[in-house]
Amino acid sequence: CHRAIEIADTAGLTELRAFAEGCLTHVYVVAGDLQGAMAVGERALATFEARGNVWWACRALWGLGIAAMYLGAWQKSLEYCHRAIEYGNSVNDRRLKVVGWWRAGWTHIHRGDAESGLRCCSEALALSPSPFTRKRIPHFQAPRNRLNTWSASAAATHHQDTCASSRATSLQPTEAQTQTSSAMPKALRSH
């Protein structure tokens, strides 16, 4: 990504630079460099918004939302998620709306508000996400009858199970996810 940014800069390709920065946002999140993710994500977002590129603006917002969530900046994370939902609504793109709602739900669950989180997940499910999207969003796999009965501790258990399941496959949780998973039960008990 860094090399792509250099090449785009040398050639004066502003939007291609933003594409590389948008990708780097997600790489930084997975690598655990959350401040780096926020910095490049904001730059990419500004370019995409200025050029009216809704789809890539949402990709940047999704990365920023995750980084903010792992930083414990709950309100900022939710703002990013809701901006993505608004963009999805503006172009009537189901996937943009589904992912925005799911990420807002994930943020609520991480901050200890399972009820709001599950409401957001229900909003995403109500949009009938495609099988492709469903497979990439593990929290959608929870049985429907549990959505209305989960408590904060059940949401925390589900999150821990998801992280444990990820460790058993090739999908390794990031350092930030592992730290959040360890801290979550205590945080949820205090809410």
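Arginine 83 comes out as partly exposed in this predicted model, with 29% relative accessibility. That value puts arginine 83 in the middle class because it falls between the 20% limit for buried and the 50% limit for exposed. The side chain of arginine 83 doesn't sit alone: it meets the side chain of glutamate 49 in a salt bridge, with N and O 2.5 Å apart. This pair ties together distant parts of the chain, since glutamate 49 belongs to helix α3 and arginine 83 to helix α5 (residues 74-91), 34 residues apart. Glutamate 49 is partly exposed too, at a relative accessible area of 30%.

Helix α5 also has a salt bridge of its own, between glutamate 79 and lysine 76. Here the closest N and O atoms are 4.0 Å apart. The two residues are about one helical turn from each other, because they are three residues apart in helix α5. As for accessibility, glutamate 79 is partly exposed at 37%, and lysine 76 is partly exposed at 35%.

Altogether, the structure has eight salt bridges. The general idea is simple enough: side chains carrying opposite charge can pair up when their charged atoms come close. Another of these pairs is glutamate 21 with arginine 43, whose side chains meet at 2.9 Å, N to O. Once again, distant parts of the chain are linked: glutamate 21 is in helix α2 (residues 14-31) and arginine 43 is in helix α3 (residues 34-51), with their positions 22 residues apart in the numbering. The two partners fall into separate accessibility classes. Glutamate 21 is buried, because its relative accessibility of 2% is under the 20% limit. Arginine 43, at 38%, counts as partly exposed. This pair also has company, as Glu21 and Arg43 are joined with Asp9 and Arg17 in a network of salt bridges.

Finally, there's a residue that makes a polar contact: threonine 107. It lies in helix α6, which runs over residues 94-110. Threonine 107 has a relative accessible area of 2%, so it counts as buried. Its side chain makes a polar contact with the side chain of serine 77, at 2.9 Å. Setting aside neighbours within four places in sequence, threonine 107 touches Met69, Trp74, Ser77, Leu78 and Cys81. Ser77 therefore turns up both in that contact list and as the polar partner of the buried threonine 107.

Notes:
Residues numbered from 1 in each chain as written. Predicted model: local features only at pLDDT ≥ 70, side-chain atom pairs only at ≥ 80, totals over all residues. Heavy atoms only, no water. Helix = DSSP H or I, 4+ residues; strand = E, 2+ residues; numbered from the N terminus. Buried < 20%, exposed > 50% of the residue type's maximum accessible area, 1.4 Å probe, protein only. Polar contact = N/O pair within 3.5 Å; in protein donor to acceptor, adjacent residues only side chain to side chain. Contact = heavy atoms within 4.5 Å.
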